[in-house]
Amino acid sequence: MLLDVNAARKIFGGLVAVNDVTLQVPEKAIISVIGPNGAGKTTFFNMITGIYQPDGGTINFNGSSIVGLRPDQVVERGIARTFQNIRLFGAMTVLENVMVGRHVRSNTRYIDAILHTKRFRDDEASSITRGMDLLRFVGLDVKRNELAANLPYGEQRRLEIARALATSPKMILLDEPTAGMNPNETEETKHLIRRLRDEGNITVVLIEHDMRVVMTISDNVTVLDYGTKIAEGLPAAVRSNPKVIEAYLGAGAAAGNFGLEKTEPNSAGGAV
Amino acid sequence: MSQPVKPKRDFTIPVVMFALITFFLKFFVFKGITFIDSMIFLTFISSLYFLITFPMNKYLQIVMGILILFVGIPLIGFQNTSSINVVIDIAIYAALALGLNIVVGFAGLLDLGYVAFFAVGAYLWAIFGSNQATELFGWQLPENGFFFIALVAVLVAAMFGVLLGLPVLRLKGDYLAIVTLGLGEVIRVIANNNPGGLTKGSVGIDSIQQPLHTFTNSLGAEGYKWQSIVFYVIVLAVIAVAIVVTNRLDQSRIGRAWTAIREDEIAAQAMGIPLVATKLVAFATGASFAGIMGTIFAAKQSFVDPASFDVNQSIGVLAMVVLGGLGSIRGAVVGAAVVTSLNLVVLPTLAIEFNNLRQSGALNLPPQFEVSKYQRLIYGIILIVMMIYRSQGLVPASRKHIEVDDAHAGKGAMQGGD
C-alpha cells in the first residue's frame, strides 16, 4: 500500500470530525472519498497532509509514518494536494506559481541565490523547464506569463494541479477538482485525472461531489458521514448501498433510485 | 502581455540638463543652508531618481550616475558638510527601509520592532569602539576595527533576528505586530537599564571612534569634511550591496517562497515551503541590514543612547516602506529619501525661515507656532493622502516576473521582464 491510514481520528472540542477512519490506497489507484457536506472529508485530507495532527491512529506513506511531520515535510515525502477553494498565488505568474511547487525539489541555498552560483542557475533553469513541461501537460503553457489571478476559473483549477505536480509527488490529493465547473470542463478534468495516473504514474485520491465523476473514474470509493466511514467498495456497490443513500438523502429515500438519474447510462460500475 | 510596444520617448537630454542645471545652481549660486539652498540640493539629488526612472541612453545613464554620486555630491558636500550628511542619513535609512521591506513587503510580516536590530549594530560598535571596551575588558579595538565589527554586526544582527523571530513568527498579522513592538522596546529598555555596565544606560556611550579618523585628521582643517566623505563612501557601498542582495533574493526560490507566504500561508506550506524557516530567513536578512547600518550610525554620530532607538524610529522606517511602496526595492529607497529629507532638511530649514520672518516682523505668528513640531502631522497627512490617491506607494512594486518568450518556451530559457 502506498498510503495506509489506520483508525485516524480528529477531535475539535467536543466534535469528532474524523472518527477512526481507515483507508488503504494502492499504488496507481484512483480513490474517491465522498460524503455529505461536513462529513470530515477535508479534515481527513488535512490530517494526511500535516495541516492537522491526528488525535489517534496511524498514517503511513510509502512504508513510513508521516504523523507529526510538518506540511512541507509531507510534500517532500511525495504527497501533493489542491484545495477546495482555489488557493493560488494571485500576484505571481502562472509559471512562477508552478515554480513555487519546485521549492522542495531544488537545493539552491541562500548564498547561491546571492552569488548567482552555478547551482542557482542550474536550479532556476531546470525549474523553468520542468514548470513549462507541466504547464504543457495541463494545457496552460500559452498562459505562462499571465498573473494567476487573471485566469478563468477552470484554468485556475488546472494550474493548481500543475503546481501540485511540480512537487514531483507520488500521490496527489484533489479536493473537489470539478467544483463549480460546467459539464465540458468537468469532462476535461476527468480526462486530466486519468492522465495523471496513466502518464504521470501518480496515485490519485479525490474528494468529489459530482457523482458522474466519482462513478466513472474511481477504482474504489470510500464514503464518510459524520466523520465515520459508512461504506467502501467499488463505485457500483457503494452507489446502491442503503447506508450511503440514507446519508445523502435521509432515511426513506433508500428505497428510491438515488444516483442512477445522475449517472450516464451504461457507465454503471465505473470505468477503470 | 501582448500589448503593442509603445515607442519609448527618450529622456536623455532633459534628465542630463536637469542634473547639470541643479548641480551648477547649487554649487555656484545657492551655496548656503537656507530653505531655498536645501531645496535646490534635494532637487539635484532627485535627478538620481529621474536617471533610473526615465528611459534614456544607457551609456549616459551610467556616466551621469557615477558623476552625480562620485563627483557632484562629494563636491557639494565639501563645500558644505551638512549636505553630504543628509545624503549619508538618507542612505542609512534607505538600507533600513530595504531591510524592513524584505520582512514587511516581501514576506508580509508586520514588524514594528525593527529598530531593535539597528540598536544591536549601533551598540556593538559603541561598546567595542570606545573607551567603554577599555573599562569593561581592558582593551579596545583600533578605529579601523570598525570594518571588522561592521561585518560582525551583519551576523550578530541576523542572529538576533533569528532569536527574536523564533518565538514570535508563529503569530500572524496584528498579533505579530504587537509582539514585535514589544520586543523592539525590550531591546531599548535593556540598553537603558545598563546591564553589567555594558551600555551606560540613559547616559549613552560617547567618543565612539570613527573609521580612518587618524588619516582624515592628518589632512588638517579640512579633515572633518574628508571624514564625511569616508562615511559617504561606506554607506554607498553598503547600500549597493543591500540592493543587489535584495534583488537577487527576490528573484530566486527564496523570494518566490516569501511571495507565496505573503499571498497564502496555507497554500505555501502545502506546496512544500517550510514556514518558520523561510520567515526566519526574511527576518534575519532584514535584521542584518539594520545591524550594519547601526554600526555606521554609531560611528558617524560618535554617540549612542537608548533614546535613538525608540518605537518612533521603527514606525518611521515602516512609514518609508509604505510610502515608497510595499515590496518595492526602488520604493524603499525613494521613501527613505523623501521621509528623511522631510525630517532633516525641509522642516528644520522651513522652521528657520519662519523664525526669521517672525523676528523681522514680516509675519505675525504666535510664538507657539514651530514648523518642526508639525513633523508627525505633516507626514501623517502625506500618508493619508497617499492611501487615498496612490495606495501602492510612490514607486509601486513591479516585481520582475520570470518570462519565457515563445522562441524559448520549449527550451525553458529565462528572461527577465516586467
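**Loops, helix packing and the chain contact in a predicted model**

B:Leu212 is found in the loop of chain B that runs between β1 (205-206) and α9 (213-217). The model described here is a predicted one, and the values given below are computed from its atoms. The phi angle of B:Leu212 is near 60 degrees, a positive value in a residue other than glycine. This deserves notice because most residues other than glycine have a negative phi. B:Leu212 has 18 C-beta neighbours inside 10 Å, and it therefore counts as partly exposed, given that a residue is called buried at 20 or more such neighbours and exposed at 12 or fewer.

A residue of chain A shows a positive phi as well. For A:Lys28, phi is near 60 degrees, and this residue, too, is one other than glycine. A:Lys28 has its place in a loop of chain A, the one between β2 (15-25) and β3 (30-34). With 16 other C-beta atoms within 10 Å, A:Lys28 is partly exposed.

Chain A as a whole contains ten helices and ten strands. Its C-alpha atoms, when taken along the principal axes, fill a box of roughly 70 × 40 × 30 Å. For 272 residues, a compact globule would be expected to have a radius of gyration near 19 Å, and the value for chain A, 19 Å, agrees with this. Of these 272 residues, 47% count as buried. Among the contacts in chain A with a separation of 6 or more, 67% are accounted for by residues that stand 24 or more positions apart.

Within chain B, two pairs of helices illustrate how helices pack. Two packed helices are described by the angle between their axes and by the distance between those axes. In one pair, helix α14 (residues 311-324) of chain B and helix α16 (residues 375-389) of chain B have axes that come within 10 Å and cross at roughly 30 degrees. Since angles under 35 degrees count as roughly parallel, α14(B) is roughly parallel to α16(B). The crossing in which α14(B) passes α16(B) is left-handed. Here B:Ala319, B:Val322 and B:Leu323 of α14(B) meet B:Tyr379, B:Leu383 and B:Met386 of α16(B). The residues of this contact between α14(B) and α16(B) divide into six nonpolar, no polar and no charged.

In the other pair, the axes of helix α3 (residues 58-79) of chain B and α10(B) come within 10 Å and cross at roughly 150 degrees, and α3(B) passes α10(B) in a right-handed crossing. From α3(B), the contact is made by B:Leu69, B:Pro74, B:Gly77 and B:Phe78, while α10(B) contributes B:Lys225, B:Ser228, B:Ile229, B:Tyr232 and B:Leu236. By class, the contact of α3(B) with α10(B) has six nonpolar, two polar and one charged residues.

The two chains also touch each other, in a contact that takes 41 residues from chain A and 29 residues from chain B. On the side of chain B that touches chain A, the elements that give two or more residues are α10 (223-250), α11 (253-263), α12 (265-270) and β3 (401-403) of chain B. Of these, α11(B) gives the most, with seven residues. When the side of chain B that touches chain A is divided by class, there are 17 nonpolar, six polar and six charged residues. The helix α10(B), which packs against α3(B) within its own chain, is thus also named among the elements of chain B that touch chain A.

Conventions:
Residues numbered from 1 in each chain as written. Chains lettered and ligands numbered in written order. Predicted model: local features only at pLDDT ≥ 70, side-chain atom pairs only at ≥ 80, totals over all residues. Contact = placed C-beta atoms within 7 Å. Helix = DSSP H or I, 4+ residues; strand = E, 2+ residues; numbered from the N terminus. Nonpolar A, V, L, I, M, F, W, Y, C, P; charged D, E, K, R; others polar. Rg over C-alpha atoms; globule rule 2.2 N^0.38 Å. Axes fitted to C-alpha atoms, helices over the stretch in contact; angles between N-to-C directions. Parallel < 35°, antiparallel > 145°, perpendicular 65-115°, else oblique. Left-handed = near helix turned anticlockwise from the far one by under 90°.
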